[in-house]
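Biologist: Can you take me through this one? I'd like to start with the cysteines and then look at some helix packing.

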Amino acid sequence: MCAFCSEAGAETSGGLPIFDPPLRLGELVATLALAQDNAFGQPLESQLRSCLLASWMCDAAALGEELRATTYWVALLRFIGCTGHAHEVSTLFGDEIAIRGQTLIHDSGNPAEVMRDIVAFATAGRDEEEREEILRKIQETIREWAFNNFSSGCEVADVLLARLDFGPDIREALRCTFECWNGNGHPNHVKGEAIPLPMRIVHVSHDMEALGRIFSPERALEAAQERRGQTYDPAVADVFLAHGRDWFDQLGGIEPWDAVLALEPEPHRLLTGVELDDALTVVADFIDLKSPYWGGHSRRCAKLAEDAAGVLGLADAEVTTLRRAALLHDFGTTVVPNSIWDKPGPLTRSEFDRVELHPMLTEQMLRRSPAFAVLNPVACAHHEKCDGSGYHKRVQAADDHLGACVLAATEVYVGLTADRADRPPFTPEDAAADLRRLESAGVLEPRASRAVLVAAGHGEPRGATGKRPQNPGGLTRREVEVLRLAARGLTTREISDRLYISPKTADHHIQHIYGKIGVSTRAAAALWAMQHTVVQ
């Protein structure tokens, strides 16, 4: 079966499934947990295994249903803010996925061990002079960087959780994602029982899962004993020490996805219709936060693909499936480090090999859920081409699977018209010309590419109301310009140079913008800009 074909057994029209199974909230969150695994360089379902350990710890401690439910969601959502500060981590360390993987096994409550790991990672392969310069830079900036980095992750997580309608207990716990029992965590040095119990449990379960998997259950148990009363709540550590050996044995004999969904707190919340679309838009923004060059990319793809489907006269169910697949198509991008996505020059062959992994990971992540599997034939095929030159399967697109061809053409057009690290954006006219060239060369399906061009305003005039649209949040036109550049990760100096204003004026604009939209970090501002269609 080619990548553009529908799942076996699904009734289709134009290559798109026409049924609409509901999505359980647990499935959505468990899939987000898979994306977090990618962001930390861990095998898929690692965070699901942590959720199981956390749930068993709740059982052993005889906690009530409310605490058990909160712990369940916290375990799956612990690093949902990870895309919000991927750019900042990569700016300092290069491959942010590799350094994040290291953080899963070091003792976060021991500043000396944390600093040792940071310095070793940042200076690996450098000569003595370079190492000294890197060490000096780390010593000068690490405190401010750590505060901003961890604040950014927590703030983004809180915004996403609020949009998914999670309650205050879960949100309060996630604000302590990076804190430690002894107060050596970040960003606010919360300590002891001021850290909500569900997060204290997840601190142990998450570390134990990584140490037990990467090293051995024995090493995990040793770490629990060593960190007891320092990094971990001693009472929580004691629960794990009493039962951890048996729990590691249990993990070896179960399917984490099935086991985690079996534990989902009841009543199960089902996402359908508008609520499902809203939830998928949250996922789209989670995806696009990873790079400052991607703000609003998935939303733009969804809107343009939907409009192109309308040009083609596809049925409503097909249009809906296509739009939802477009929102999720880049789910697998968290598997590739920002040192590649944000590279200002051409990629090497090995770097592009890693880029080619992301549609494969999209496919692997979405196929676990029946509701997502319906979208998968379209979502995972967004880089396939009619002549077989695309990726990751390098199959030839069949012209009777039009929906997938529409998304492939949409991805090209939206990508060309957006700013990228290695080039400025194409003008709409130049992007349209390139799309026509690719169609003529047999790379893009003709009906799909022409529908995308029409939907993008090439070939048929767009209507005009004559009214100037109002900017969201009460932002002025200049503030919108500043916000777009800040969301892209530009410094105050770079913004001032780009807009021919003083750095002091640029900083004034940034502070005024943050006050208007109610955020305090670049990532949260970028997320707000996506949500209110200010970027792109």
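Biologist: Is Cys 82 buried or exposed?

Modeller: Keep in mind that this is a predicted model. Cys 82 is buried, because its relative accessible area is 2% and the cut-off for buried is under 20%.

Biologist: How many disulfides turn up in the whole structure?

Modeller: Zero, after a search of the whole structure. Cys 82 is in no disulfide, and the nearest cysteine sulfur belongs to Cys 154, 12 Å away.

Biologist: And Cys 405, which cysteine sulfur is nearest to that one?

Modeller: That of Cys 386, at 4.7 Å. A disulfide needs the two sulfur atoms within 2.5 Å, so Cys 405 is in no disulfide.

Biologist: Buried or exposed, Cys 405?

Modeller: Buried, with a relative accessibility of 4%.

Biologist: Switching to helices. At what angle do the axes of helix 9 and helix 11 cross?

Modeller: Roughly 40°, and the axes come within 11 Å. Helix 9 covers residues 197–214 and helix 11 covers residues 234–251. At that angle, helix 9 is oblique to helix 11.

Biologist: Left-handed or right-handed crossing?

Modeller: Helix 9 passes helix 11 in a right-handed crossing.

Biologist: Which residues make the contact?

Modeller: From helix 9, Leu 197, Arg 200, Ile 201, Val 204, Met 208 and Gly 212. Helix 11 contributes Val 236, Phe 240 and Phe 248.

Biologist: How many of those are nonpolar, polar and charged?

Modeller: In the contact of helix 9 with helix 11, seven residues are nonpolar, one is polar and one is charged.

Technical notes. Residues numbered from 1 in each chain as written. Predicted model: local features only at pLDDT ≥ 70, side-chain atom pairs only at ≥ 80, totals over all residues. Heavy atoms only, no water. Buried < 20%, exposed > 50% of the residue type's maximum accessible area, 1.4 Å probe, protein only. Axes fitted to C-alpha atoms, helices over the stretch in contact; angles between N-to-C directions. Helix = DSSP H or I, 4+ residues; strand = E, 2+ residues; numbered from the N terminus. Parallel < 35°, antiparallel > 145°, perpendicular 65-115°, else oblique. Left-handed = near helix turned anticlockwise from the far one by under 90°. Contact = heavy atoms within 4.5 Å. Nonpolar A, V, L, I, M, F, W, Y, C, P; charged D, E, K, R; others polar.
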